[in-house]
Amino acid sequence: NAGELAKLIKQYNLSREMLPTEALNHAEVWEALLDKMPYTAMIRNLGNMSKTGLLKPFSSASKLITERLTNQEALKKARVHPITLLIALKTYAQGHGMKGSGKWEVVGQVVNALDDAFYLAFDYLEPTGKSMLVGIDCSGSMTSAQVANMPMSAAEGAAAMAMACIRSGGDYHVICYDDRVRKVPQITTRMRLEEVLKQTSRLSGAGTNCSIPFQWAIDNKAKVDTVVSITDGETWHGKEHVSQTLRKLRQHSGIAVKSVAIGMTATRFTVNDPSDPLCLDVAGFDASVPQVLQGFIV
């Protein structure tokens, strides 16, 4: 009985995981859960709450969620990464799950609140204190490639990751490359995602050589702690492998430079030398990648 379950939820502070699966088909149950639902659980279940009819235009639940999403104290306490909010925004705004099942009515105010929360969350990123060169693959495949299980292109995910890198780093520089440097985009910490994406995508149709950011650092005598390359995994090594160019960079700079290659799609690629403890390859993209990157470079 949904009514009895709602009373038990409030009385014993039950969470979603403690309930029978069939109970989650009732709006009354979700309404009781929402009262003390953690921030991250709330954004992950927006679609579920909408499917039961709890989350709809002008409902008290919609108003409550909208207020919570943009509550800066709640954002700071929950330490939700902007990428997590962007994924929630993209998923909720499409009105259905990634496999097309479980459709729901999209509430415009919730979409706007998620968008606001995405930008607010950048203010609470934990700083790395590291100087960082971010190389974004700007080849044509980045626009057409889709991040698995997300309504997001590789180019859009790369732009969002670049925003997170420059907000959490110390000194930073961003370049766009394919088989050579195509652009040094003027990205600031106050730009919106659309502006960053406009500067970093649809710049060429050439292949991708992931050693280019390292060669750029050598040519420009850049003193960097970390080089982050963001690509879709459709790469080739050019005249020399990334590990060779990285070795040269370390020799020129005198710094034990770390290298992180983020493949926005999970292809069978290896950019870095797997035996190098200062290198990391990430195959595929989801909300955990920023935390993995942060933990590795600090």
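How far is the sulfur of C279 from the closest cysteine sulfur, and in which residue is that sulfur found?

**Entry 1: Cysteines**

I began with this question, bearing in mind that the model is predicted. I found that the closest cysteine sulfur to that of C279 belongs to C210 and is 12 Å away, which is too far for a bond. I recalled that a disulfide is a covalent bond between the sulfur atoms of two cysteines. The cut-off I needed for this step is that the two sulfur atoms lie within 2.5 Å. I then searched the whole structure and obtained 0 disulfides. C138 is accordingly in no disulfide, and the nearest cysteine sulfur to it, that of C176, is 5.3 Å away.

I also looked up whether these cysteines are buried or exposed. C279 has a relative accessibility of 12% and counts as buried, because the limit for buried is under 20%. C138 counts as buried too, at 1% relative accessibility.

**Entry 2: The protein as a whole**

I next asked how many helices and strands the protein has. I noted 14 helices and 6 strands. The radius of gyration is 21 Å, close to the 19 Å that the globule rule gives for 298 residues, so the protein is as compact as a globular protein of that length. Along the principal axes, the C-alpha atoms fill a box of roughly 70 × 35 × 35 Å.

I then looked up what share of the protein is buried. Of the 298 residues, 52% are buried. I also recorded the contacts between residues with a separation of 6 or more: 69% of these join residues 24 or more positions apart.

**Entry 3: The largest pocket**

I turned to the largest pocket and noted a volume of about 400 Å³. Its lining consists of 15 residues, and those nearest its centre are I43, R44, N45, A88 and T91. Three elements give two or more residues to this lining, namely α3 (39–44), α4 (46–51) and α7 (82–93).

Which element gives the largest share of the lining? I found that α7 does, with 5 residues. I sorted the lining by residue class and obtained 7 nonpolar, 6 polar and 2 charged residues.

**Entry 4: L85 and S50**

I selected one residue from α7 and one from α4 for a closer look. L85 lies in helix α7. Its relative accessible area is 0%, so L85 is buried. I listed what L85 touches, leaving out residues up to four places away in sequence: Y39, I43, L75, V80, L114, A117, F118 and A121. One of these, I43, is also among the residues nearest the centre of the largest pocket. I recorded one distance across the chain as well: the C-alpha atoms of L85 and A287 are 8.8 Å apart, although 202 residues separate them along the chain.

S50 belongs to helix α4. S50 counts as buried, because its relative accessibility is 7% and the limit is 20%. Apart from neighbours within four places in sequence, S50 is in contact with L55, Y92, W104 and E105.

**Entry 5: Loop residues**

I then examined residues outside the helices and strands. A256 lies in the loop between α13 (242–253) and β5 (258–263). Is A256 buried or exposed? At 52% relative accessibility A256 counts as exposed, since the limit for exposed is over 50%. Not counting neighbours within four places in sequence, A256 is in contact with D225, R250 and L278. I noted that A256 and A121 are 135 residues apart in sequence and that their C-alpha atoms are 31 Å apart in space.

Which values of phi did I find for F58 and R79? F58 has a positive phi of about 70 degrees although it is not a glycine. F58 is placed in the loop between α4 and α5 (60–69). With a relative accessible area of 83%, F58 is exposed.

R79, also not a glycine, has a positive phi of about 55 degrees. I located R79 in the loop between α6 (72–78) and α7. R79 counts as exposed, at 63% relative accessibility.

Definitions and conventions: Residues are numbered from 1 along each chain as its sequence is written. This is a predicted model: local features need pLDDT of at least 70, side-chain atom pairs count only at pLDDT 80 or more; totals for chains, interfaces and linings use all residues. Side-chain values use heavy atoms; hydrogens and water are left out. On a 1 Å grid over the protein atoms alone, a cavity is a set of points where a 1.4 Å probe fits but cannot get out, and a pocket is an open set with protein on both sides within 12 Å along at least five of seven lines; lining residues have an atom within 4 Å of a point. Grid points are joined across faces, edges and corners, and a volume is the space filled by probe spheres set on the points. Helices (H or I, at least four residues) and strands (E, at least two) are DSSP runs, numbered from the N terminus. Ala, Val, Leu, Ile, Met, Phe, Trp, Tyr, Cys and Pro count as nonpolar, Asp, Glu, Lys and Arg as charged, and the others, Gly among them, as polar. Buried means under 20% relative accessible area, exposed over 50%, partly exposed in between (1.4 Å probe, protein chains only). Contact means heavy atoms within 4.5 Å. The radius of gyration is taken over C-alpha atoms; the globule rule is 2.2 Å times the number of residues to the power 0.38.
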